[in-house]
Amino acid sequence: MLLIRSTPGAPAVPKPPTLTVADIENPANIVKKTDYESSISTTPGGVQVAKAASYAEVKISGGSTTPAYIFNLGVKNTTEAPLTNVKVRETIPKAIASDVSQITFKESPTVVNPDPVVEWTVDLNPGEEKKFFYFVTKLADP
């Protein structure tokens, strides 16, 4: 375990484990996982939005595990026409993170507000789906 000292002579503080997108995407690293009820809705413009959340214990280098709160977001064009510049905005609850810097994204979004509100812009052909996910290793204090 790597230790960091904040000032000379101060007690050593353990560095939190680093969890990467690759760690979460590798099924062999998932020790335990709980999926929560997902939701699906469709916008008046024909974009289907699916959201899901999971909690996982993820194996990291060195064989230890760390918690991950994983959030999946998918959008699908349900129309018969291409859709361009579709704004996929995600307002992340304060209970998950109080600032965007506490979140790891698979695909970097545009930060609308570090409070945190983020957005991806995508083009969708008829029937095409795009998926995004992000995670935190610790929930924010309520």
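Start by selecting Phe71, Phe105, Trp120, Phe132 and Tyr134, which ring pairs link into a cluster. Here rings of Phe, Tyr and Trp (its six-membered ring) pair if their centres lie within 6.5 Å; planes under 30 degrees apart count as stacked, over 60 as edge-to-face and the rest as tilted.

Before going on, a word about the model. It is predicted, so local features need pLDDT of at least 70 and side-chain atom pairs count only at pLDDT 80 or more, while totals for chains, interfaces and linings use all residues. Residues are numbered from 1 along each chain as its sequence is written, and side-chain values use heavy atoms, with hydrogens and water left out.

**Stop 1: the aromatic pairs**

By the ring rule, the count comes to five aromatic pairs. Show Tyr55 and Tyr69 next: this pair is tilted, with 5.0 Å centre to centre and 55° between the planes. Tyr55 sits in strand 5 and Tyr69 in strand 6, so the pair ties together parts that are 14 residues apart in sequence. Strands (E, at least two residues) are DSSP runs, numbered from the N terminus. Tyr55 counts as buried at 18% relative accessibility, whereas Tyr69 is partly exposed at 22%. Buried means under 20% relative accessible area, exposed over 50%, and partly exposed in between (1.4 Å probe, protein chains only).

Now move to Trp120 and Phe132. Their ring centres are 4.5 Å apart and their planes are at 20°, so this pair is stacked. It links distant parts of the chain, with Trp120 in strand 10 and Phe132 in strand 11, 12 residues apart. Both Trp120 and Phe132 are buried.

**Stop 2: the nonpolar cores**

Keep Trp120 selected and add Val75, Val88 and Phe105: of the 21 residues in the largest nonpolar core, these four touch the most other members. Such a core is a set of buried Ala, Val, Leu, Ile, Met, Phe, Trp, Tyr and Cys residues joined through side-chain atoms within 4.5 Å. Colour strand 5 (47-59), strand 6 (65-77), strand 7, strand 10 and strand 11 (129-136), since each supplies at least two residues of this core. Strand 10 gives the most, with four residues.

In soluble globular proteins, nonpolar side chains tend to be buried together.

What does Val88 touch? Leaving aside residues up to four places away in sequence, Val88 touches Leu73, Val75, Val118, Glu119, Trp120, Val122 and Phe132. Contact means heavy atoms within 4.5 Å.

Apart from the largest core lies another, of 10 residues, among them Ala56, Ala68, Phe133 and Phe135.

**Stop 3: an open sheet**

Switch to a cartoon view and find three strands that form an open sheet in the order 7-10-9, with antiparallel pairing. Two strands pair if DSSP finds at least two bridges between them. Strand 7 and strand 9 are the edge strands, each pairing on one side only. Strand 9 and strand 10 pair over three bridges; Asn113 has Val117 in strand 10 as its bridge partner.

**Stop 4: two backbone details**

Most residues other than glycine have a negative phi, and most peptide bonds are trans. Select Asp115 and Pro116, which are joined by a cis peptide bond with omega about -10°. Pro116 lies in the loop between strand 9 (110-113) and strand 10 (117-124).

Finish at Asn85 in strand 7 (residues 83-91). Phi of Asn85 is near 55°, a positive value in a residue other than glycine. Is Asn85 buried or exposed? Asn85 is exposed, with a relative accessible area of 54%.
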